[in-house]
Amino acid sequence: MIESLVSDKQLVDLKHLLDEAQKIVLTCHVSPDGDAMGALTAFLSVLKRQNKDVCAITPNIFPDFLKWLPGADEVQVYEKNEEQLDPVLKAADLFVCLDFNGPSRMSMMEAAVQANPAPKIVIDHHPNPEDFASCLISFPQMSSTCELLYRVIVALYGEDFLGYDEAVCLYTGMMTDTGAFTYNSSRSDIYYIIGKLLEKGIDKDKIYRNVFYEYSAERFRLMGYVLYVKMEMLHEYHSVILSLDREEQKRFSHKKGDTEGFVNIPLQIKGNKLSIFLRENTEQDNIRVSLRSVDDFPCNQMAAEFFNGGGHLNAAGGTLECTLDEAIELAKKAVRKYAHLLK
Ligand code: 5GP
Ligand code: MN
């Protein structure tokens, strides 16, 4: 048996909250990724099989490459359907917050959730959780929320209870949050859990293809363009800045999720330590910032200091309210400030 991590007290609290609740809402961070969606769909399935009245709601749409996840078709999107979902949020007597560490990460859904005083269970692996949970299950050393959720589900209901669909969802989150087990994935526990998920019958190679082999041709043309035309090397600082404006995204028929993973690519350049991707948001009037690093360069610290964001040591993000040119200048300033860790 794998060590549960979750303390007896946490388990008792968790059981109590889930047992007592009549109307549960599961949610995750804005612009959900594979880990957020994997956790959401896995726990949705588990709680439904526990005969719970449960609804899974994302703040905004999730990318097409996650639509195949078992149960994704049951997930509601707040931004698309506020009138119908506001009453659901109001009526909830328990929230389960997956893969985020502060209410602001719910973005357009934050106010509606926070207006309801119902208890919140937070299951997450981001460092420095804010004080908004009634029951906080936070383990920043976990590769993914899905790895943590596997432990929670097994602790609550036992290994045998976990089903095939749930195993697929959990594996997807573990895979996507570790770049298919290429970073943040050197603990042996991860592979023990994968072994257990494989025993449920999952086809990990198929899951990989479902996520990473489903892109449009336009995405690759956009990727080529970004790398050829829009990649600025800051050699002295072993850093790279990528940028994209709205017009460029339109030119390549950009769809949500198309730029997923671009920020990781420059880390493959020999000696590179930091990659920054600045993209004019196509949904709101701001700039989305993504940061990736290797070894111990603290992306989350830089994101908090310069980009109104946060995240993990090697992967963080944020948002800027300025022009793309100003964002590029700010990113260069940030790199210069952190020169001592980059040179
Ligand atoms: P991405 O670059 O994929 O958008 O985000 C990378 C990591 O940073 C994710 O773990 C995500 O949760 C975190 N992150 C992204 N954007 C923000 C943000 O605006 N605020 C905070 N606190 N974390 C973020
Ligand atoms: Mn995650």
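A salt bridge is a side-chain nitrogen of Lys or Arg within 4 Å of a carboxyl oxygen of Asp or Glu. The model shown here is predicted. Side chains of opposite charge can pair when their charged atoms come close. Searching the whole structure turns up 19 salt bridges.

**Figure 1. R151 and D189 form a salt bridge between two helices.** The N-to-O distance is 2.9 Å. R151 belongs to helix α5 (residues 145–157), while D189 belongs to helix α7 (residues 188–199), so this pair ties together parts that are 38 residues apart in sequence. Is R151 buried or exposed? R151 has a relative accessible area of 2%, so R151 is buried. Its partner D189, at 25%, is partly exposed.

**Figure 2. E247 pairs with R251 inside helix α10.** Their closest N and O atoms are 3.0 Å apart. Helix α10 covers residues 246–251. E247 and R251 sit four residues apart in this helix, so about one helical turn separates them. E247 is partly exposed, with 46% relative accessibility. R251 is partly exposed too, at 47%.

**Figure 3. Four residues share one salt-bridge network.** Which residues does the network join? They are E147, R151, R187 and D189. Salt bridges that share partners link them.

**Figure 4. D13 and K9 meet in a salt bridge within helix α1.** The side chains come to 2.6 Å, N to O. Helix α1 spans residues 8–20. The two residues lie four apart, about one turn of the helix. D13 has 26% relative accessibility, so D13 counts as partly exposed. K9 reaches 55% and counts as exposed.

Definitions and conventions
Residues numbered from 1 in each chain as written. Chains lettered and ligands numbered in written order. Predicted model: local features only at pLDDT ≥ 70, side-chain atom pairs only at ≥ 80, totals over all residues. Heavy atoms only, no water. Buried < 20%, exposed > 50% of the residue type's maximum accessible area, 1.4 Å probe, protein only.
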